[in-house]
Each structure stands twice: as C-alpha cells, then as structure tokens.
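Visitor: I am new to this structure and would like a close look at a single part of it, the pocket. Please take me through it slowly, and then help me to place it among the other parts of the chain.

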Amino acid sequence: MISAVLIANRGEIAVRIARAARDLGIRSIAIYSEADAGALHTRVADEAYALPGNTAADTYMNVPALLDIAVRAGADAIHPGYGFLSENADFARAVAGAGLTWIGPTPESIELLGDKIAARRVAEEVGAPLAPGTSDPIDDWQEARAFAEKHGLPIAIKAAYGGGGRGLKVVENLEDIEAAFNSAGREAKEAFGRAECYVEKFLTHPRHVEAQILADTHGNVAVLGTRDCSTQRRFQKLIEEAPAPALSDEQRTGIHEGARAICAKVGYTGAGTVEYIVSEDGTISFLEVNTRVQVEHPVTEVVTGVDIIAEQFRIASGEPLSFVDESLDPEPHGHAFEFRINAEDILNGFAPCPGTIVRFEPPTGPGIRVDAGVRSGSIVPPYYDSLIAKLLVWGPTREVALARAKQALAEFDIEGVRTVLPFHRDMVSSQVLADHGDAKAAAGIYTDWLDHNYRPSAESTSNIAPVEAIYAKRTQVAIEIDGKLVSVGLPENLFAADPAAAGGVKVASPSAGSQEGEVTAPYDANLVAWNVADGDTVEEGEAIATIEAMKMESSVKAPRGGTIKLLAKEGDRLDPSKVIATID
C-alpha cells in the first residue's frame, strides 16, 4: 500500500491530489517553485518542499530535484498530475528506478500511445476510423506542403509528443504552412521537450468527443462514459460536458468500444483518455490517447460517482477497480458542465493575465463543485498554465445543469486579474450552446467555432455598459422601486472626480505602447522571435513579433505603420513597461 505520495505538480491538480490522498490516509508531499511559495497546494498538502528557480525546466520538470525531495521526504510514490512530466516515459522509469511507485501507466504504454503516430497505428489495428495522415514524423515544412497538395486543405500540424492543444496548428492556406510548422515545433519543445511533428487532414467543423478510461492490473478496462470538449479557443478547451450530447447509440458504442480496444491492445493500466473528433457528417475519427488524468476528469466524476484520482491510487497499489462488482462501465446520472477558469483577458484575444488575485469568491448551491488552485491573495505567476480553477455544475438534465451554471457563473467573483468568466457567462446564455445538446439542431459548436465566431458581449454583465467595461469593478446597489427591491451594478468609479473615468477601464491591446510609435508587450512574456528585421517598413496591425507566456504563443502587432527599430532581442523577458521597438 502507498503511505506517502510526492505530488510532482502545482495548482488545482496538486490540491485535488492532496485532498484525495488525505481521504485515503496517504501523506501528501507538495513541491513549489520560488514563484509558488505559499501557494494553495503547499498549504493543503501535509508537507511542502522548495524547488529553486521559476521556469518549468528548473522546477516542476527537474527530475533529479524531484527524486531527491521524494527520497528526503520519505515518499514511496509519485503522482505526476497532468502536464509537466505526466506523460514522460523517462521520468516514469526514473521513479521506478528509485524504488518508488509510479501512479500512472507503464513507461512502455506512455511511449507507445504518447507517440501520436504509433497510437494511430494501434487504432488502425483495432479498427478505429482515422483521417489521412503521415505515418512518420516529418522533417520540414515542405513535407507538410506536399501532403496538403495531395490531400487538400485544411491540414493539422501536430506535435508527435504534444497534448492539450499545444504544438497543434491548423493551416488553411499553403503560404502559412512554414510558419505553422515552426511554431508547432517551438511550442512542443517548450512544453514537452520534443519538437517532432506530423501532419494529417483536418476535418472541418468537428466536435471533440472523448472517452474516459480506467484500467487495472487485473484485466478490467472500464469506460466511464463520454465527454464533449468542443468549446475551445486555439484548441485549448474551455467548456466540457458529460455525457457528450447529440450522439446516436451507434456512435456512442463505437467510441466506447474503440477506446476499450485500443487500451486493451497495449495492456494499458491507470487513468487515460481516448480522444476522437466527430465531423459534421457524423464521421468518427480517432485523434489521440492522453496517458494521464485530464483537466476535465471531474466532469466525469460528478455524473458517474467515481473518484478517478482515488482509483489511480488503487490501481497503482495493485488493487482492482472499486466498482467492477457492480458494473464495468458505470452509467451516467444526470448531466454536468465544467468551466475552466483561466487568468486570461478575453478582450485581448484570451491573452494570459498573470498577477495577484485580490478577491476570490466561488459560487454555492446544489450541484456546484469548485476545484481551485488559488484563493484571495494568491499570485498567478507568468511561468505556468493560466488555469486557476474549475467550476463543475451538475443537474438531473442538461437544461437544469445549464440553468444552474448560469446562476453559478453570475455569482463567481474574481478580482485582481482578468479571467474568462465573462466569456463563460456569454456562452451559457447563448443559443449555440443550448443547440449543441440537440442532435436535430442545425447549429452547434465545433473545435474552432470560437476562433471564428465569438465576440465578447456586455450582456454578460448586469447593465448595458459597453464591451470595454466588462472588466470594470462594480458595486451592487439595492434600490427600492414601488416596493420592489432592485439590484443595480454600478461602476466603482462612476462618481470619480474625473468624469471620463466613469466609462470603465482602458483595455490594453497587443499593439499598445506608452507613447505613439512605441511597441510594448501586452503582458509579461518571453520574446520568441521577431517577424521583421531592424529597419524594415511595417504596416499598422502587422504581426511583428511572437511572444510566449503561460505556455501559449501570441503576436505583437504594430501600433502604426513606418520604419521599425528593434530594441529587444529574441529570448528577452518582457514586461508591459518595457519598450521593445519604436516605429517612426
């Protein structure tokens, strides 16, 4: 039996694992970087140990440091959570080599299924449908162009060892292939340490549907139902729901049995997810296998009653799944949504928004669960993922779950950093999300629907303020009109000395500069690459640089046209006060 576990992660998943460990009587050991000193996961765990540095490579992906702490703290197991080293076979081997229990699938399974090309071969062997794609990694962008010329556009360039949308680029024009190939490789190298990519035909307007797997060492491979994760921006999931709606019995069976067959074929053990895309004509195509617990695992937990993290501990201890005596595949009860609460600015293209959380007040009520990695006073550092919390809402039906979600999101209050809460409030009030649950509806959400259709709306606030005022702080004022109590949300600076201040806050943009012609980064970031050379002539709105923060790349655009002078070099750490270029 496991007695003490080192949690090789941070944030909400580290908190989640520590709580599950406590339920099972297992001592939890947290780790933290300098930026995470005092973070919530260090308080929830029984013990916490420092990792010098801030970058992921120096801290949460520093294998020797992690193993050293595990030995010093007396851990007999390591749980990697998701991200970081969770799908790193070499780390899994190193853990076993140190005499510790690895809470996850075998290194061999991680290598086989973590290699998307090898996973495609397994899916093909067991009869899972596949879109056309390369059977081996491609060496350069010209191979991707040749594939596109043969199979047509759009194509998807994917990191062979990637996941979570990082290292994934969809290309619709031949002239964009080179830049997309290079960007996919950079993102993959930064996030996963491997830059190899492959290419496949991208099915237009696909839904993203996945099956949750739990497999023990006794031969039981259970499918805990489906999830729909189609609501994404830049292929990063924002809303998930379970079970996946608008699937026929035939489609659902095919997804379940295909997932089971893939995992059984490779002797998989532990928690995992088999992902598919479902095209608008109903075609199902295998996508990949995530050999770890996923961010969205709680949405499956609340409809099945299965504690997936606790089952991971059971499997790693050699025990059978706790529910196999009842039914191998638990039947879902009701419907649930998960809303990822990211520190991102929706008015600035979902740009990362690190900073200090001044106020964190989650909602309450029936069917509400909040998995958070922060609280009031927590710091959101710029070095890691932007996820700070997850809101889970369950209801006996999809319609009730949506109604509860609308109220819960209205109650959720976070101040100090900009978050995606206004986006979620928009979505739960939209007809497109409601129609997504109806197989007969003509409309619905597909994986790049947000990128092409979403525009922030002021309707998610309690007044008719312009869109720019979405993030303005408001004071709720109770007013009695003809004996009826009415609550009105007013901007805090409504009665400021400067009348112009009442219009809300000024929103920074990627092209913002402190003075005309000055170029600055919109947030703390790394300068990945200049897209122009010193002395070039640029046009207003042109993407002149690529920056990276919280594992995501975005562009800095020219605030005006003219001749550019570069003042920063690639690799520099940027903050919004630093002028990185001027345009005359």
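**The largest pocket and its surroundings**

Guide: Five elements, namely β7 (166–171), α8 (177–192), α15 (449–453), β28 (543–549) and β29 (552–557), each supply at least two residues of the lining of the largest pocket. Please keep in mind throughout that what you see is a predicted model. Of the elements that line the largest pocket, helix α8 gives the most, with six residues. The lining as a whole counts 48 residues, and those that lie nearest the centre of the pocket are K169, R234, E553, S554 and S555. The space in this largest pocket comes to about 1600 Å³. If you sort its lining by class, you find 19 nonpolar residues, 14 polar residues and 15 charged residues.

To place the pocket, it helps to step back to the chain as a whole, which holds 15 helices and 32 strands. Its C-alpha atoms fill a box of roughly 70 × 70 × 55 Å, taken along the principal axes. The radius of gyration of the protein chain is 24 Å, and this agrees with a compact globule, because a globule of 584 residues would have a value near 25 Å. Of those 584 residues, 55% are buried.

One region to look at next is an open sheet of five strands, in which the order is β3-β2-β1-β4-β5 and the pairing is parallel. At its edges stand β3 (47–50) and β5 (101–102), each of which pairs on one side only. Strand β1, residues 4–7, is covered on both faces, since A4 and L6 on one side are buried, as are V5 and I7 on the other. On one side of the order, β1 runs parallel to β2 (residues 27–32), and three bridges join the two strands; among the residues involved, A4 of β1 has R27 of β2 as its bridge partner. The two strands also belong to a right-handed β-α-β unit, which is made by β1, helix α1 (residues 11–23) and β2.

β1 also pairs with β4 (residues 77–79), again in the parallel sense and over three bridges, and here L6 has I78 of β4 as its bridge partner. I78 then leads you on to the edge of the sheet, for this residue stands opposite W102 in β5. The pairing of β4 with β5 is likewise parallel, and it rests on two bridges.

W102 brings us to another kind of space, because it is one of the residues that line the second largest cavity, together with H79, P80, G81, S86, I103, G104, P105, T291, R292, V293 and Q312. About 50 Å³ of space lies in this second largest cavity, and a search of the whole structure finds three cavities of 30 Å³ or more. By class, the lining of the second largest cavity divides into five nonpolar residues, six polar residues and one charged residue.

Some details of the backbone deserve a careful look as well. In the loop between β4 and α4 (89–97) you will come upon F84, whose phi is near 45°, a positive value in a residue other than glycine. F84 counts as buried, because its relative accessibility is 10% and the cut-off for a buried residue is under 20%. H205 likewise has a positive phi, near 50°, although this residue is not a glycine. H205 lies in the loop between β8 (197–201) and β9 (207–215), and its relative accessible area of 35% makes it partly exposed.

Two cis peptide bonds complete this tour. One joins L153 and P154, with omega at about 0°, and P154 lies in the loop between α7 (141–151) and β6 (155–163). Another runs from A242 to P243, with omega near -10°; P243 lies in the loop between β11 (236–242) and α9 (249–265).

To return to your request, the place to rest your eye is the centre of the largest pocket, where K169, R234, E553, S554 and S555 are the lining residues that lie nearest.

Terms used
Residues are numbered from 1 along each chain as its sequence is written. This is a predicted model: local features need pLDDT of at least 70, side-chain atom pairs count only at pLDDT 80 or more; totals for chains, interfaces and linings use all residues. Side-chain values use heavy atoms; hydrogens and water are left out. Buried means under 20% relative accessible area, exposed over 50%, partly exposed in between (1.4 Å probe, protein chains only). Helices (H or I, at least four residues) and strands (E, at least two) are DSSP runs, numbered from the N terminus. Two strands pair if DSSP finds at least two bridges between them. A crossover is right-handed if, with the strands pointing away from the viewer, the path from the first strand over the helix to the second runs clockwise. On a 1 Å grid over the protein atoms alone, a cavity is a set of points where a 1.4 Å probe fits but cannot get out, and a pocket is an open set with protein on both sides within 12 Å along at least five of seven lines; lining residues have an atom within 4 Å of a point. Grid points are joined across faces, edges and corners, and a volume is the space filled by probe spheres set on the points. Ala, Val, Leu, Ile, Met, Phe, Trp, Tyr, Cys and Pro count as nonpolar, Asp, Glu, Lys and Arg as charged, and the others, Gly among them, as polar. The radius of gyration is taken over C-alpha atoms; the globule rule is 2.2 Å times the number of residues to the power 0.38.
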